[in-house]
2 protein chains.
Amino acid sequence: MSEQRPIRAKSGANHEGTSAHNRRVIIDALRVNGALSRADLARATGLTKQAVSNLIETLEGDGLVASEELVRKGRGQPSTPYRLVADGAYSIGLQIDRHISRVIVVDLVGNILARATAKVPPRAPEEGVAVLLDLVAGVRAAFAAGRPDAEARIAGIGVAMPGPFGVEIADDSLWLMQAWQSFPLVERLAAGTGLAVSLQNDAAACATAERMLGAAHGLDHAVCIYVGYGIGAGLILGGELYSGGHGNAGEIGMVLFGEPDELVPLEHRASIASLYALVGIDPADPGQFDRLEALVAAGDRRVADWIGRAARDLRRAVHTAETLFDPQTVILSGGVPGALMPALVAAIEPLLPSLSPTAGRAVPRLRLGMTDPWAVAIGAAADPIRRAFDPSFSAILKRQGE
Amino acid sequence: MSEQRPIRAKSGANHEGTSAHNRRVIIDALRVNGALSRADLARATGLTKQAVSNLIETLEGDGLVASEELVRKGRGQPSTPYRLVADGAYSIGLQIDRHISRVIVVDLVGNILARATAKVPPRAPEEGVAVLLDLVAGVRAAFAAGRPDAEARIAGIGVAMPGPFGVEIADDSLWLMQAWQSFPLVERLAAGTGLAVSLQNDAAACATAERMLGAAHGLDHAVCIYVGYGIGAGLILGGELYSGGHGNAGEIGMVLFGEPDELVPLEHRASIASLYALVGIDPADPGQFDRLEALVAAGDRRVADWIGRAARDLRRAVHTAETLFDPQTVILSGGVPGALMPALVAAIEPLLPSLSPTAGRAVPRLRLGMTDPWAVAIGAAADPIRRAFDPSFSAILKRQGE
DNA sequence: ACGAATAAGTCAAGCAATTTGACTTAATAA
DNA sequence: TTATTAAGTCAAATTGCTTGACTTATTCGT
């Protein structure tokens with residue numbers, strides 16, 4: 001008798017799932033459109049007025065939405081707009097990076113309530129976790145002061161760090177934080193904070209931030225190329241963040257460009273790490289951004305050279321992303337403030353001709369996204385909120401997390 | 001007062017949607033696993049025994065599933081396995097291509113019941129539609145003979161033709177069927193047959209076929225590179241076919257490879273069109289495959305050269321696809337039978353190192369898929385069945401087709 | 001051979017959540 | 001002033017999953 005093969009099947013659904021979905025759809029609609037009346041919501045979601053009323057009632061009871069002043073807009077009874085309550089939920093974002101780690105606390109609509117930074121030892125995650133737990137405890141106490149039920153409203157901790165995860169790769173001379181990537185970080189942070197912890201790579205976090213608050217707001221198909229010490233792409237496909245079969249989708253920094261006999265990963269030419277190496281800036285230097293900005297302003301030859309080479313490969317990367325993903329837009333984000341990123345975007349233009357329609361576009365083919373060094377932390381913080389409140393297939397299903 | 005901006009929102013869900021989803025989940029489980037008892041289905045889907053029993057009852061009433069012989073497998077009451085009924089639904093697939101068009105009729109489990117071919121004028125879709133309607137009517141009558149309620153069980157017509165759609169591109173010397181791509185084909189076929197008609201590109205159709213019956217059976221993340229007169233990739237992402245923001249995702253044939261000063265789309269070097277052009281085979285020749293096979297068997301120098309160049313670009317294409325999509329497997333399919341495609345896959349190996357895990361894989365990184373010239377037609381026919389019976393987010397929602 | 005254990009499946013009531021259709025309220029337009 | 005329009009409520013109906021007890025059929029252990 002043959003060995004019992006596991007049965008593979010997708011999860012079933014039940015009423016609780018549909019209700020959860022409908023709640024999320026309403027929250028999503030309020031986030032994308034601002035305040036809406038129940039009648040508006042009913043029309044926009046396809047639900048009945050009655051169903052929307054019931055859902056709004058529970059959401060209001062949960063402190064997630066609140067009504068505004070009556071609005072008279074023509075004939076008929078005036079409508080009561082509802083909007084998201086910023087203090088309805090909070091979320092903690094944690095970016096772990098090579099030279100600095102950042103924590104941030106945001107509310108349901110993305111306001112930043114507290115932030116802090118620390119350094120963690122890149123090769124000693126065990127000690128690093130202690131530092132991070134202190135850091136989190138600090139901001140948690142700071143923002144909770146004066147907010148009565150703040151603790152109960154924390155959706156979780158979103159962690160972002162450089163990927164890829166679960167992969168042994170030959171060291172390619174960039175600093176990969178291998179020790180952290182094989183460490184049970186999620187479990188340790190969950191145990192140390194009592195909160196739900198989720199992990200994603202920095203590019204995915206950036207895409208989450210762009211979708212919730214930035215250049216991809218309201219779009220369902222977007223590729224967000226994140227230029228940091230490494231390069232990755234966060235993928236919004238069909239309205240959801242796509243992470244692939246093993247959690248490593250979008251690692252566009254590892255795509256090979258250059259001559260056929262000397263193929264080079266994109267991030268060897270276009271990452272901030274490669275620029276810093278070229279101009280001799282130490283990424284651990286707290287004044288790194290000012291020094292870089294001075295070089296850019298001075299028209300430094302090496303910076304211009306780097307922009308030229310980086311833009312050449314990025315132009316092909318954008319073309320490849322457009323061709324393979326057919327997104328509504330490609331966003332270039334990066335953790336470097338100032339004039340560099342706009343200059344890089346300008347240097348990438350004109351884009352290579354692609355399938356992407358040129359006429360009648362609502363958004364440009366390529367646009368600059370966030371260049372705030374805190375963008376990844378913001379996106380990390382957005383992740384628990386997204387998980388808790390955004391419509392998604394898995395939210396409907398009985399077995400979660402598939 | 002400002003102009004009324006349309007409200008954007010996702011669709012809500014209701015009981016009918018959950019039930020529809022659960023039915024699909026059960027059909028999907030039976031397709032992937034073969035016959036299963038209701039208790040097995042309950043465990044695999046997370047539904048209760050009772051819910052599964054009710055669903056099976058309606059499915060059996062609809063003639064979609066049927067019970068088999070009791071099975072004794074240890075202690076406890078014997079179980080009653082259920083399996084899909086092949087004749088529960090039929091579907092028509094229509095491949096429109098440059099030199100030949102193919103129709104096929106398949107049943108719910110993928111058996112081929114009828115097929116036929118015709119030629120349509122590549123630049124005169126108006127006349128072509130008449131030919132196609134005749135062709136469809138012919139196979140429809142042929143397969144329906146002797147099957148009482150065949151007509152009522154036809155899920156629809158799936159049409160596959162070369163993409164991309166809705167795009168004006170500068171002619172790149174390959175034959176692009178532009179006239180057909182801007183023609184209201186779906187509407188005309190729907191009106192002429194009274195059936196639901198869906199359109200996809202040939203690579204997507206191939207991926208659908210591979211997922212339902214071939215090398216991607218049961219996988220939720222796969223990239224299917226289809227090497228035909230052009231090259232495209234069908235994307236199975238998160239268990240669903242992904243088509244992008246404008247319906248043109250996966251056009252990997254248009255990704256540029258080669259030297260930086262002479263970037264060439266993949267399909268200029270690796271498509272069957274490029275091979276035929278090189279060795280002087282006319283794709284309209286009915287003996288095209290035999291002639292090609294003879295050249296391959298004879299070890300023709302030009303064929304070997306083509307394989308070498310095509311494999312070099314395809315190796316990078318596979319690497320790019322692995323890096324961006326992080327699939328469980330990459331499948332290489334093509335409309336050319338015989339030894340060519342296996343030789344091409346062999347020439348692509350060894351693959352470039354990528355993020356894709358090498359140890360503990362259930363499926364290889366790259367594998368050969370269907371090389372039947374009918375593969376695209378089969379996939380086209382699989383599409384209406386997929387739409388009607390596969391679990392998908394949109395199936396749960398009130399407003400369909402989003 | 002017999003009872004205990006185990007597993008599949010049914011029955012009937014319970015329950016959650018949307019839907020339906022009539023009704024109420026409040027505004028503008030004619 | 002009245003008709004019309006639109007927002008929102010009320011209460012009953014309906015759909016479809018869940019619950020828990022029960023039945024049936026088989027194997028295992030003694």
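How many residues of the surface near DNA strand D are nonpolar, polar and charged? In this predicted model, the split is five nonpolar, 17 polar and eight charged, with Ala, Val, Leu, Ile, Met, Phe, Trp, Tyr, Cys and Pro taken as nonpolar, Asp, Glu, Lys and Arg as charged, and the others, Gly among them, as polar. Residues are numbered from 1 along each chain as its sequence is written, while chains are lettered from A and ligands numbered from 1 in the order in which they are written. Local features need pLDDT of at least 70, side-chain atom pairs count only at pLDDT 80 or more, totals for chains, interfaces and linings use all residues, and side-chain values use heavy atoms, with hydrogens and water left out.

Staying with DNA strand D, 30 residues sit around it, and Lys49(A), Gln50(A), Thr80(A), Arg75(B) and Gln77(B) come nearest; a residue counts as near a strand if one of its heavy atoms lies within 4 Å of it. Sugar and phosphate make up 66% of the atoms of DNA strand D that come within 4 Å of the protein. Both chains reach the bases of DNA strand D: a polar side-chain atom of Lys49(A) is 2.5 Å from a base nitrogen, and one of Gln77(B) is 2.3 Å from a base oxygen. On the backbone, an N or O atom in the side chain of Arg72(B) lies 3.2 Å from a phosphate oxygen of DNA strand D. As for secondary structure (DSSP runs numbered from the N terminus, with helices being H or I of at least four residues and strands E of at least two), helices H2 (38-45) and H3 (49-61) of chain A and helices H1 and H3 (49-61) of chain B each put at least two residues into the surface near DNA strand D. H1(B) has the largest share there, with four residues.

Turning to DNA strand C, 31 residues surround it, and the closest are Arg75(A), Gln77(A), Lys49(B), Gln50(B) and Thr80(B). Of the atoms of DNA strand C within 4 Å of the protein, 64% are from sugar or phosphate, and bases provide the rest. His15(A) has a polar side-chain atom 3.3 Å from a base nitrogen of DNA strand C, and Gln77(B) has one 2.9 Å from a base nitrogen of that strand. A side-chain N or O atom of Arg43(B), for its part, is 3.1 Å from a phosphate oxygen of DNA strand C. Helices H1 (15-33) and H3 of chain A, along with H2 and H3 of chain B, each bring at least two residues to the surface near DNA strand C, and H1(A) gives the most, four residues. By class, this surface has five nonpolar, 18 polar and eight charged residues.

Next comes the interface of the two protein chains. Chain B and chain A each bring 78 residues to the contact, where contact means heavy atoms within 4.5 Å. About 6,200 Å² is buried between them, with carbon and sulfur atoms giving 61%; buried area is the accessible area (1.4 Å probe) that two parts lose on being put together, summed over both. Lys10(B), Leu324(B) and Leu355(B) supply 13% of what chain B buries against chain A, more than any other three residues. Two salt bridges turn up across the interface, a salt bridge being a side-chain nitrogen of Lys or Arg within 4 Å of a carboxyl oxygen of Asp or Glu. Lys10(A) pairs in this way with Asp220(B), their closest N and O atoms being 3.3 Å apart.

There are also 28 residue pairs in polar contact across the interface, both residues at pLDDT 80 or more. A polar contact is a pair of N or O atoms within 3.5 Å; within protein, one must be able to donate a hydrogen and the other to accept it, and residues adjacent in sequence count only if both atoms are side-chain atoms. The elements giving two or more residues to the side of chain B that touches chain A include helices H1 (15-33), H2 (38-45) and H11 (301-325) and strand E10 (231-237) of chain B. H1(B) provides the largest share of that side, nine residues.

Within chain A, an automatic or database domain assignment gives domain 1 (15-84), domain 2 (88-206 + 378-390) and domain 3 (217-369). The C-alpha centres of domains 2 and 3 of chain A are 24 Å apart.
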